[in-house]
Amino acid sequence: MSRPLRVGVQLPEVERDVRWPEYRALARVAEEVGFDSVWVGDHLLYRGDGRSERGPWDAWVLLSAIAAVTERVRLGPLVACAAFHRPGTLARLAVGVDEVSGGRFVFGIGVGWNETEFRAFGVPFAERVARFEEAFDAVRRLVAGEHVTVAGRFVALRDAVVLPPPARRVPLMIGSSGERVLTATLAHVDAWNAWFDLFGNSPEGFAKETAKVDGLAERVGREPAKIERSACVLVVLDRSTAERATPDGFAALEGGADAIAGELRGFADAGADEAILVVDPITERSIRTLGEALAALDA
């Protein structure tokens with residue numbers, strides 16, 4: 001029996017201080033136990049939320065390294081902030097990781113939201129949606145192998161092209177719930193991703209959000225069925241060692257392998273093509289435990 005949906009896992013971001021050997025082990029174990037994909041966050045700095053300041057390793061460095069030590073899993077940023085790099089540089093990074101991975105890269109992209117890191121690193125925060133619209137249009141064309149000329153308010157390119165040329169058109173996944181961003185992107189992306197707090201971590205909530213995407217896709221002339229749906233789902237395996245606070249108002253997935261597999265089937269029934277598990281705690285033991293849920297999902 002085929003699996004009703006693909007299942008990925010997000011690797012640690014700032015839950016604790018994680019070094020490269022652990023990332024390598026986590027990615028390899030995820031591949032070993034049957035996950036379809038692994039993902040890393042793209043952030044620069046967190047501070048001012050009552051916790052000590054912290055930041056993850058560079059997403060593009062990690063993705064390239066993970067691509068080199070895995071063979072099967074898809075991989076990508078969850079999601080890349082378009083504002084952190086100029087469009088040409090961002091497109092080159094994406095094409096490079098796709099090359100290293102042998103065509104396993106998924107280019108998750110979004111606007112960014114954390115004003116603290118924008119300000120700290122001198123990234124303009126004002127008009128960030130307008131900036132994203134121009135950047136996205138340039139990036140999507142560059143990763144498809146086009147020569148691109150743009151003379152916009154925020155983006156200026158003159159016959160730019162990514163060389164060596166991409167081996168394929170890199171698939172795009174938009175991570176946003178904003179109507180303006182979705183209107184600008186749904187005509188072009190391969191997938192849409194939603195974070196768990198958008199839909200209350202429930203299949204019912206996800207179904208409502210994906211229906212909104214259907215409507216916006218139709219508005220921009222895109223057949224909704226052509227856009228895959230990806231749900232980030234919070235899973236808590238051990239509350240005694242939990243590394244993140246469960247947001248108010250909804251429940252995390254919990255329980256044994258059969259219970260988690262049943263919940264994931266619910267997301268497939270709600271229209272998800274993919275579930276990306278945000279796991280608490282995110283450790284090698286957790287990934288191996290969830291391998292049992294994947295086996296139950298396949299049964």
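## Close-up views of a predicted model

**Figure 1. Trp192, Phe199, Phe206 and Phe267 form one aromatic cluster.** The structure shown is a predicted model. The cluster belongs to a structure that holds 12 aromatic pairs. A pair of aromatic rings is described by the distance of the centres and the angle of the planes.

**Figure 2. Phe132 and Phe136 form a stacked pair of rings.** The centres of the two rings are 5.7 Å apart and the planes meet at 25°. Because planes under 30 degrees apart count as stacked, this pair is given that description. Both residues belong to helix α5 (residues 128-142), where a spacing of 4 residues separates Phe132 from Phe136 by about one helical turn. An α-helix has 3.6 residues a turn, so residues three or four places apart point the same way. Phe132 and Phe136 are both buried.

**Figure 3. Helix α5 packs its buried residues against several helices and strands.** The buried residues of α5 are Ala130, Phe132, Ala135, Phe136, Ala138, Val139, Arg141 and Leu142. Their packing partners are the helices α3 (87-100) and α6 (179-185), together with the strands β5 (107-110), β6 (148-151), β7 and β8. The length of α5 can also be checked: at 1.5 Å a residue, its 15 residues should span 21 Å, and the end C-alpha atoms are 21 Å apart, which agrees.

**Figure 4. Arg141 is a buried residue of helix α5.** The relative accessible area of Arg141 is 18%; because buried means under 20%, Arg141 counts as buried. Leaving aside neighbours within four places in sequence, Arg141 is in contact with Glu146, His147, Val148, Thr149 and Val150.

**Figure 5. Nine strands are arranged in an open, parallel sheet.** The order of the 9 strands is β3-β2-β1-β11-β10-β9-β8-β5-β4, and their pairing is parallel. At the edges stand β3 (74-77) and β4 (80-81), each of which pairs on one side only. Strand β1 (residues 6-10) runs parallel to strand β11 (residues 274-280), and 4 bridges join the two. Within this pairing, Val9 has Leu277 of β11 as its bridge partner. Helix α7 (residues 203-219) packs on the sheet, where it touches β9 (191-194) and β10 (228-236). The direction of α7 makes about 155° with that of β10.

**Figure 6. Two peptide bonds in loops are cis.** Most residues other than glycine have a negative phi, and most peptide bonds are trans. One cis bond joins Leu78 and Val79, with omega at about -15°. Val79 is placed in the loop between β3 and β4. Another cis bond runs from Leu163 to Pro164, with omega near -5°. Pro164 is found in the loop between β7 (156-160) and β8 (172-175).

**Figure 7. Asp159 and Asn201 each have a positive phi.** Neither Asp159 nor Asn201 is a glycine. Asp159 lies in strand β7 and has a phi near 55°. With a relative accessibility of 47%, Asp159 counts as partly exposed. Asn201, in the loop between β9 and α7, has a phi of about 60°. Asn201 is buried, with a relative accessible area of 4%.

**Figure 8. Arg16 and Glu243 meet in a salt bridge.** The structure holds 20 salt bridges. Side chains of opposite charge can pair when their charged atoms come close. In the bridge between Arg16 and Glu243, the distance from N to O is 2.9 Å. The pair links distant parts of the chain, 227 residues apart: Arg16 is in the loop between β1 and α1 (20-33), and Glu243 is in the loop between β10 and α8 (257-269). Arg16 is partly exposed, with a relative accessible area of 25%.

**Figure 9. A salt bridge joins Arg219 to Glu179.** The distance from N to O in this bridge is 2.8 Å. Arg219 lies in helix α7 and Glu179 in helix α6, so the pair ties together parts that are 40 residues apart in sequence. Arg219 is exposed, at 56% relative accessibility, whereas Glu179 is partly exposed, with a relative accessible area of 46%. Elsewhere, salt bridges that share partners join Asp137, Arg140, Arg141 and Glu146 into one network.

Terms used. Residues numbered from 1 in each chain as written. Predicted model: local features only at pLDDT ≥ 70, side-chain atom pairs only at ≥ 80, totals over all residues. Heavy atoms only, no water. Pairing = 2+ DSSP bridges. Contact = heavy atoms within 4.5 Å. Axes fitted to C-alpha atoms, helices over the stretch in contact; angles between N-to-C directions. Phe/Tyr/Trp six-rings, centres within 6.5 Å; stacked < 30°, edge-to-face > 60°. Buried < 20%, exposed > 50% of the residue type's maximum accessible area, 1.4 Å probe, protein only. Expected span 1.5 Å × (residues − 1). Salt bridge = Lys/Arg side-chain N within 4 Å of Asp/Glu carboxyl O.
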